[in-house]
Amino acid sequence: MKKLIQKIYLSSAMIIACSFTGEVSGQDGESRKFGELGFRFMPTFSSLQLSNSTGGTVKGEVTLGYGVGGFVGFNFTENIGVQAEVIYNSYSQKYSENDIDHRIKLQYLNIPLLLSLNTGKSQPINFNIVGGPQLGISVGGSMETTQNDAVVNATPVFAVKKGDFGLAYGAGLDFGLNPSRTFRLGLGFRGVYGLVDISDQSRSTTTASYYVLDRTHIKTNSVYVGFSILF
């Protein structure tokens with residue numbers, strides 16, 4: 001599985017790298033390069049599958065996190081392009097057990113490589129859909145517990161693997177803000193479906209402890225707003 005993920009991601013990266021040497025034909029028939037550089041803010045809703053002290057499954061509350069990052073893209077034509085992104089995401093999840101409140105926080109650096117399909121990239125209004133693989137790197141995580149004077153029968157153990165891999169997909173609208181339509185406002189949706197179990201169960205535990213994350217895949221839904229420049 002790990003080798004397959006590496007091959008998929010390496011192939012996607014090579015396609016994007018090679019694409020930056022290409023050209024796209026403008027409306028006037030003149031060949032020209034057609035790149036894009038931008039940044040986005042992404043309010044994000046996440047969902048994790050968690051375990052309780054009895055070995056059962058707990059569905060955490062869907063909570064709001066955020067993402068912020070930048071992207072660079074290249075368009076082969078007005079309708080087809082590729083883009084690479086670097087996004088810092090902060091996820092949060094809450095759940096309760098026996099009057100004990102738990103709050104999990106995860107921080108990831110996500111790098112999606114996406115194919116982009118557009119109705120007209122340089123048009124006043126462009127509708128786009130994107131999809132492709134996403135590599136995630138864990139850059140932090142924590143768990144906070146509020147006991148509320150309850151008796152703790154077992155100690156939760158929180159551990160996350162360093163890497164994640166999933167599929168990113170979404171859709172959006174771009175609006176040209178200047179006469180040449182090179183400065184653009186972007187609004188849209190982004191979803192991610194995690195394919196890798198992020199739970200790390202390599203730590204030593206006792207009979208009085210349990211892993212909070214067990215066969216857990218990250219699933220997120222985001223909306224985004226951002227600006228970009230065509231060049």
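## Close-up views of strands β7, β8 and β9

**View 1. The turn between β7 and β8.** In this predicted model, Asn 98 has a positive phi near 55° and sits in the hairpin of β7 and β8, where 2 residues lie between the strands. Have a look at the strands on either side: β7 covers residues 80-97 and β8 covers residues 100-118. They run antiparallel and are joined by 16 bridges. One pair to pick out is Tyr 95, which stands opposite His 102 in β8.

**View 2. From β8 on to β9.** Here the chain passes from β8 to β9 by a hairpin of 6 residues. Strand β9 takes in residues 125-146 and runs antiparallel to β8, with 16 bridges between the two. To find your way along this pairing, start from Ile 111, which stands opposite Leu 135 in β9.

**View 3. A nonpolar patch on the surface.** Eight side chains are worth displaying together here: Phe 76, Ile 80, Leu 115, Leu 117, Ile 125, Phe 127, Ile 129 and Leu 173 make a nonpolar surface patch of about 660 Å². Two elements, β8 and β9, each give two or more residues to this patch. The most come from β9, which gives 3.

**View 4. Ile 80 up close.** This member of the nonpolar patch lies in strand β7. Is Ile 80 buried, partly exposed or exposed? Its relative accessibility is 39%, so Ile 80 counts as partly exposed, a class that runs between the cut-offs of 20% and 50%.

Definitions and conventions. Residues are numbered from 1 along each chain as its sequence is written. This is a predicted model: local features need pLDDT of at least 70, side-chain atom pairs count only at pLDDT 80 or more; totals for chains, interfaces and linings use all residues. Side-chain values use heavy atoms; hydrogens and water are left out. Two strands pair if DSSP finds at least two bridges between them. Helices (H or I, at least four residues) and strands (E, at least two) are DSSP runs, numbered from the N terminus. Patches are made of residues with over 30% relative accessible area and no salt bridge: like charges are joined within 9 Å, nonpolar side chains (Val, Leu, Ile, Met, Phe, Trp, Tyr) within 5 Å. Accessible areas come from the Shrake-Rupley method with a 1.4 Å probe; for residues, only the protein chains shown count as cover. A salt bridge is a side-chain nitrogen of Lys or Arg within 4 Å of a carboxyl oxygen of Asp or Glu. Buried means under 20% relative accessible area, exposed over 50%, partly exposed in between (1.4 Å probe, protein chains only).
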